[in-house]
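Notebook open, structure loaded. I want to go through charged pairs, a sheet and the core, in whatever order they come up.

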Amino acid sequence: MRPLTAPAMAAAAGLSAVLAVPAAVPTPFAAEPPSDEAGPRIALDTAGLAVSATLLDLDGRDIDVVPVDAPFRIRIAFTDPAGGEAALAAPPTAWLSPRGPGTGSCRDATRSRWSTDRPPADAVALEGLSVATVDAEGRIAIVDPHRPAAARIVAGIVPLGERPGGLLIHRGRGDMLVSRPAQGDVVAVPLPWGRPATLAQGLRRPGAILAAPRGGAWIAEAGRAVLLDRAGRVAATADFAGAEGSGPVRLLEAGPARIAALGGDGSAALLDRGTGETLLRLPPGSVGPVAAATADALLTERGGRLVRLYADAPDRPEDLGLPGPVIGLAVDGSGRWAVAAARSPAGGVELGVIDLPFGRRVHGFAAPEAFDEVLVTASAAFLTWPTRPVVTVIDLAALATGDAATRDVRLDETRRPGAGPRFGPMMVPLEPLSAVAVVRPGGAMLHTVLAGGGLTSSPKQALELKGAPPAALAAFPRSFVRHGPGTFESTARLPSGGAWDLVATTGIGGTGACLPLPVAAAPEPPPPPALSAEILAHDPDATVLAIRLHNWPVAAPTRLRLAALDGGGVVIVAAAPAGDGSLRTAAFRSRRTLYALTAGDGRGVGARPATVDLRHPPASEAPR
């Protein structure tokens, strides 16, 4: 379709699926018409870029108009008017804004976003943080914590047919990848809306999933780790001889460019995340059941001590100063901090925080039990416990200066009856914030816990989740996904019809644009149900009415209610079908007044009542 330029759009009778706005003026905001003028608002360009947007359905087909209350895709492209594509380092900030008499200008909208760091209150955000829940029956629901409680589930329930072996929010794809061991495949579920599609088939009981560059993914299989490209084709494998019978290999994050794969026989491999190249191989028996990885080393237990095996010197383990059998271990993504739990000689649990660059324990305390889950960020460590309804927060930033700041945040203990088993994480990071979302196993409250400071024992936010209790959680930032050089894609849904703009900005001093969306006309609402009445017998002692129903959505009423408008009382009278399609009332006593006629048995709620005028005497009583 021919892209419409800004002058052409004002005169066009119908907008095409491509909404193009050229960067016609180098001066900021110079070409913007007043906000009360007819026609679309146009691009505000200070960076020499042209902005266009394409509308698509969930299957990737072009659409001419935006549906109301149904998901669709928006693809924004930034190009150089002189020719060629514009390579942006980061996706734009964009939202859908209603346009009306009280709406500000495009300049005001973009400036407000830059200064407040949030879209207008009545806008439809195309960014934000959402949480995906998986219940015990393998059904996925997408929850938006910022929506009202009755509308937090923003996407339909997606049944997987079985419990997943692993799940991953892949930010480079905008999908949730889910492995199904029994069916031997990996399914991609577009977020927050979309139709699931099979990414790869014929796998050997796939389990855990880690992200790979360019939309690829690492899949743990029985006896090997498999690297899939964006289309689901096998790009590389790492085999572990003799480990197939012990179930899927374990996959560990090892910094941004590497992963670690562990076989069931204690063997291990450090692999390039993008190519699958083997950077380190360790023989069987090298790694214990508890392990973690950084970009240059593996952490595990040997001889009852926590040790580090460097990739360039795996035969010289470094003791990290945590005695006792290690029963829990985690590291942060940068490889700065490690949190470990070990069994003390007295049978208790000792928890230690290790500064990995210095290779020493810098903080520790006795714990009543081993932690259930642990997440380590750059500034804090979050721990949950099997029996204690708290999240323990360790302020790592304070530890770096020699302080020890630890606090417990209490969680809601309410559990729903019949809660199913748990098979995935119940605490997930809310990146880029130093915060976590956590649900107690079997519970229905989603808690947000910040690293923060101070000694508060309350979570930042506690939201009740509808539906079945989750058995696993995953969090994802809803934003634009790169679709190509200078091109980004997101999914949206309009809550109502009317005039809407797509507002996009690349930041202060960058490109801003307001593109009018062609919105589908809202269908005319059906006429409301109504009643009409005809007087068949006008005898005060035996009045009979014929009733006709118009646009009646339910079964005909069997009783009618007549309320005297002069306050003289209410009459309930039976009604039965007549041969001509109307209803006929039984004879009833009436007064000479106006009556309001409605259904008397609860049917036809919202129907327009009829007025029955019985003020005048019947013809037999009229004076001669």
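Is Arg173 buried or exposed? I looked it up in what is a predicted model, and Arg173 comes out buried, with a relative accessible area of 14%. The cut-off for buried is under 20%, so Arg173 at 14% qualifies.

Next I checked where Arg173 sits: in the loop between strand S10 (166–170) and strand S11 (175–180). Its side chain has a polar contact of 3.3 Å with the side chain of Asp175. I then set aside the neighbours within four places in sequence and listed what else Arg173 is in contact with: Ala188, Leu199, Gly215, Arg230 and Val481.

**Salt bridges**

How many salt bridges does a search of the whole structure find? I got 18, and I picked out a few to follow up.

Glu489 and Arg73 were my pick to begin with, with the closest N and O atoms 3.7 Å apart. This pair links distant parts of the chain: Glu489 belongs to strand S40 (residues 487–493) and Arg73 to strand S4 (residues 71–79), 416 residues apart. Both Glu489 and Arg73 are buried.

Then Arg308 and Glu318, whose closest N and O atoms are 2.9 Å apart. Arg308 is in strand S24 (residues 305–310) and Glu318 in strand S25 (residues 313–323), so this salt bridge ties together parts 10 residues apart in sequence. I compared how covered the two ends are: Arg308 is buried at 6% relative accessible area, whereas Glu318 is partly exposed at 25%.

Which side chain does Arg591 meet in a salt bridge? I found Asp566, at 2.9 Å from N to O. Both ends are in loops: Arg591 in the one between strand S47 (583–585) and strand S48 (594–599), Asp566 in the one between strand S45 (559–564) and strand S46 (570–577), with 25 residues separating the pair. Arg591 counts as partly exposed at 39% relative accessibility, and Asp566 counts as partly exposed too, at 45%.

I also wanted to know about shared partners. Arg73, Arg75 and Glu489 are joined into one network by salt bridges that share partners.

**A sheet**

I moved on to an open sheet of 4 strands, in the order S26-S27-S28-S29, with antiparallel pairing. Which strands stand at its edges? They are strand S26 (326–331) and strand S29 (360–367); each has a single partner strand, so one side of each is left without a neighbour in the sheet. From one strand to the next, the twist averages 15 degrees.

Inside this sheet I looked at one pairing in detail. Strand S27 (residues 337–343) and strand S28 (residues 349–355) run antiparallel and pair over 7 bridges. As a spot check I took Ala342, and its bridge partner in S28 is Glu350.

**Core**

Last stop, the largest nonpolar core, which has 25 residues. The members that touch the most other members are Phe72, Ile74, Ile76, Leu96, Leu126, Leu502 and Leu517. Two or more residues each come from strand S3 (50–56), S4, strand S5 (93–98), S40, strand S41 (500–505) and strand S42 (511–517).

Which element gives the most to this core? It is S4, with 4 residues. I note that S4 is also the strand that holds Arg73, the salt-bridge partner of Glu489 in S40.

Definitions and conventions: Residues are numbered from 1 along each chain as its sequence is written. This is a predicted model: local features need pLDDT of at least 70, side-chain atom pairs count only at pLDDT 80 or more; totals for chains, interfaces and linings use all residues. Side-chain values use heavy atoms; hydrogens and water are left out. A salt bridge is a side-chain nitrogen of Lys or Arg within 4 Å of a carboxyl oxygen of Asp or Glu. Buried means under 20% relative accessible area, exposed over 50%, partly exposed in between (1.4 Å probe, protein chains only). A polar contact is a pair of N or O atoms within 3.5 Å; within protein, one must be able to donate a hydrogen and the other to accept it, and residues adjacent in sequence count only if both atoms are side-chain atoms. Contact means heavy atoms within 4.5 Å. Two strands pair if DSSP finds at least two bridges between them. Axes are lines fitted to C-alpha atoms, for helices over the stretch in contact, and angles run from 0 to 180 degrees between N-to-C directions. A nonpolar core is a set of buried Ala, Val, Leu, Ile, Met, Phe, Trp, Tyr and Cys residues joined through side-chain atoms within 4.5 Å.
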